[in-house]
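Welcome, and please bring up the model in your viewer, with a cartoon view switched on. We will go from stop to stop, selecting a few things at each one.

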Amino acid sequence: MNRDGAGSLSLVCALKDEAQNIPDLFSTMGRHVDEIVALVDASSTDGTEEVARQHGARVYVAGFPRSFGHWYTLMAALARTDWALWLDGDERMLEENARQLAAFARDIVHPASAALALRRRRWAD
């Protein structure tokens, strides 16, 4: 929980060669989360680790695991909050959704029966 006793929220990101995306992602989400955790692939070559640190993330570096399931399990374990939101470096949340999610995490009373619906937009390549 965060300092005022409300639920807390982490942004956790698996990153590889995402240095160009980090400033936008972290500045947008950083206003709505209690911490940012970045798990950087050790084979990243574009300065992702340094950029993530410069933008306030708690950074861990690891080799790519056997599966994405192992990667996500590790990220969840690194979060120090009640709730964790996983986003890739090239994903974004609408400002409205980020606000709603942070309020949901802060105000939830019965987590086992909680649900939240958010608008979603998908852009095709």
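## A helix across the strands

Begin by selecting helix α3, residues 68–78: this helix lies across β1, β2, β3 and β4, and runs at about 145° to β2. Keep in mind along the way that you are looking at a predicted model.

## The sheet underneath

Now colour the strands. In what order do the 4 strands of the open sheet come? Reading across, you will find β3-β2-β1-β4, with parallel pairing. Look next at the edges, where β3 and β4 (83–86) stand; each has a single partner strand, so one side of each is left without a neighbour in the sheet. If you tilt the view, you can follow the twist: on average, neighbouring strands of this sheet are turned by 25° against each other, direction ignored.

Then select helix α1, residues 22–30, which packs on the sheet and touches β1 (9–15), β2 and β4. The direction of α1 makes about 170° with that of β1.

## Along β2 and β3

Zoom in on strand β2 (residues 35–41) and strand β3 (residues 58–62), a parallel pair with 5 bridges. To get from β2 to β3, trace the chain through helix α2 (residues 48–54); this β-α-β crossover is right-handed. Two pairs of residues are worth labelling here. V37 stands opposite R58 in β3, and D41 has A62, also in β3, as its bridge partner.

## Into the cores

Show side chains now. Which residues touch the most other members of the largest nonpolar core? Select L11, F26, M29, A38 and L85, out of 24 core residues. The elements that give two or more residues to this core are β1, α1, β2, α2 and α4 (95–107).

Stay on F26 for a moment. Setting aside neighbours within four places in sequence, F26 is in contact with L11, C13, L15, I36, A38, A52, H55 and A57.

There is also a second, separate core, made of 9 residues, and A14, A62, M75 and A79 are among them. You have already met A62 as the bridge partner of D41.

## Last stop: W83

Finish in strand β4, where you will find W83. Is W83 buried or exposed? The answer lies in between: W83 is partly exposed, with a relative accessible area of 27%. For a last distance to draw, pick the C-alpha atoms of W83 and V33: they are separated by 9.7 Å, while the two residues are 50 residues apart along the chain.

How values were computed:
Residues are numbered from 1 along each chain as its sequence is written. This is a predicted model: local features need pLDDT of at least 70, side-chain atom pairs count only at pLDDT 80 or more; totals for chains, interfaces and linings use all residues. Side-chain values use heavy atoms; hydrogens and water are left out. Two strands pair if DSSP finds at least two bridges between them. A crossover is right-handed if, with the strands pointing away from the viewer, the path from the first strand over the helix to the second runs clockwise. Axes are lines fitted to C-alpha atoms, for helices over the stretch in contact, and angles run from 0 to 180 degrees between N-to-C directions. Contact means heavy atoms within 4.5 Å. A nonpolar core is a set of buried Ala, Val, Leu, Ile, Met, Phe, Trp, Tyr and Cys residues joined through side-chain atoms within 4.5 Å. Buried means under 20% relative accessible area, exposed over 50%, partly exposed in between (1.4 Å probe, protein chains only).
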